[in-house]
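Trainee: Could you show me how to read a protein model, one feature at a time? I have the sequence and the 3D view open.

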Amino acid sequence: MKDINYGYQRTVSLSFQSVDQKIRDALKDVGFGVITEIDLKETFKEKLDLKFKPYKIFGACNPKLAIDAINLDHKVGLLMPCNVIFWQNDDKTVTISFISAETQLSNTNNDKLIQIGQKVDNMISNAIQSI
């Protein structure tokens, strides 16, 4: 998995539809659920009449870690949920990226929240690595 400035990224040689289901299953296996979903291909077609490659944004949440974070600082909801994105490349591979919760939560300067971010990063990283 490749580190990017604010998250992590991995490219896989699977179909977009397969990756869609595998991400859902892998997140569930580590205690996360997909609570929001944006299909940019469909949105851009509907709203702008543009053709766009398959591209989705999932908002993932682990309820236990979410309540722990909110109990520490109610404003942390501004940084939730964790975004997991994936898109189809020209060569039909799929790139999966996710935001670093630790990096986001470091903006709070709260060590306990940063520790939660580290847990989140490890859990989502494990999920994405399993694909």
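**Cysteines, strands, helices and cores**

Mentor: Let's start with one residue: Cys61 counts as buried, at 18% relative accessibility. Keep in mind that this is a predicted model.

Trainee: What cut-off makes a residue buried?

Mentor: Buried means under 20% relative accessible area, and exposed means over 50%. Cys82 also counts as buried, at 11% relative accessibility.

Trainee: How many disulfides does the structure hold?

Mentor: It holds 0 disulfides. For Cys61, the nearest cysteine sulfur is that of Cys82, 7.6 Å away.

Trainee: Why is the sulfur of Cys82 not in a bond with the one in Cys61?

Mentor: Because the two sulfurs are 7.6 Å apart, which is too far for a bond. A disulfide needs the pair of sulfur atoms within 2.5 Å.

Trainee: Let's turn to strands. How do side chains point in a regular strand?

Mentor: They alternate between the two faces of the sheet. Now look at β4, residues 55-61. Tyr55, Ile57, Gly59 and Cys61 point one way, while Lys56, Phe58 and Ala60 point the other way.

Trainee: How many residues of β4 are buried?

Mentor: In β4, 7 of its 7 residues are buried, so by the under-20% cut-off this strand is mostly covered.

Trainee: Which strands pair with β4?

Mentor: β3 pairs with β4 in the antiparallel sense over 6 bridges. β5 also pairs with β4 in the antiparallel sense, again over 6 bridges. To find these pairings on your screen, start from single bridges: Val34 has Ala60 of β4 as its bridge partner, and Phe58 has Val84 of β5.

Trainee: Is Ile35 in β3 buried or exposed?

Mentor: Ile35 is exposed, because its relative accessible area of 55% is over the 50% cut-off. Ile35 and Ala60 are 25 residues apart in sequence, yet their C-alpha atoms are 5.9 Å apart in space. Setting aside residues up to four places away in sequence, Ile35 touches Gly59, Cys61 and Pro81.

Trainee: I see a lysine in β4. Is Lys56 buried or exposed?

Mentor: Lys56 is buried, with a relative accessible area of 11%. Its side chain makes a polar contact of 3.2 Å with the side chain of Glu37. Beyond its neighbours within four places in sequence, Lys56 is in contact with several residues, including Phe16, Asp20, Arg24, Val84 and Phe86.

Trainee: Now helices, please. Which residues of a helix point the same way?

Mentor: An α-helix has 3.6 residues a turn, so residues three or four places apart point the same way. Try this on α3, where the buried residues are Leu65, Ala66 and Ala69. Seen down the helix axis, these buried residues fall within an arc of 100 degrees, so they line one face of α3. On the other side of α3, Pro63, Lys64 and Asn71 are exposed.

Trainee: What covers the buried residues of α3?

Mentor: The cover includes β4 and α5. While you are looking at α3, find its N-terminal end, which is capped by Asn62. A side-chain oxygen of Asn62 lies 3.1 Å from the backbone nitrogen of Lys64.

Trainee: And what about Ile114 in α5?

Mentor: Ile114 counts as buried, at 18% relative accessibility. Setting aside its neighbours within four places in sequence, Ile114 is in contact with Glu102, Leu105 and Ser106. Ile114 and Thr103 are 11 residues apart in sequence, and 7.9 Å apart in space from C-alpha to C-alpha.

Trainee: Last topic: cores. Which residues touch the most other members of the largest nonpolar core?

Mentor: Of the 27 residues in that core, they are Ile23, Val84, Phe86, Ile96, Val120 and Ile124. The elements that give two or more residues to this core include α1, β4, α3 and β5. The largest share, 6 residues, comes from α5.

Trainee: What does Ile23 touch?

Mentor: Not counting residues up to four places away in sequence, Ile23 touches Phe58, Val84, Phe86, Ile96 and Ile131. Apart from the largest core lies another core, of 5 residues, among them Leu40, Tyr55, Ile85 and Trp87.

Definitions and conventions
Residues numbered from 1 in each chain as written. Predicted model: local features only at pLDDT ≥ 70, side-chain atom pairs only at ≥ 80, totals over all residues. Heavy atoms only, no water. Helix = DSSP H or I, 4+ residues; strand = E, 2+ residues; numbered from the N terminus. Buried < 20%, exposed > 50% of the residue type's maximum accessible area, 1.4 Å probe, protein only. Polar contact = N/O pair within 3.5 Å; in protein donor to acceptor, adjacent residues only side chain to side chain. Contact = heavy atoms within 4.5 Å. Core = buried A, V, L, I, M, F, W, Y, C linked by side-chain atoms within 4.5 Å. Pairing = 2+ DSSP bridges. Arc of directions from axis to C-beta.
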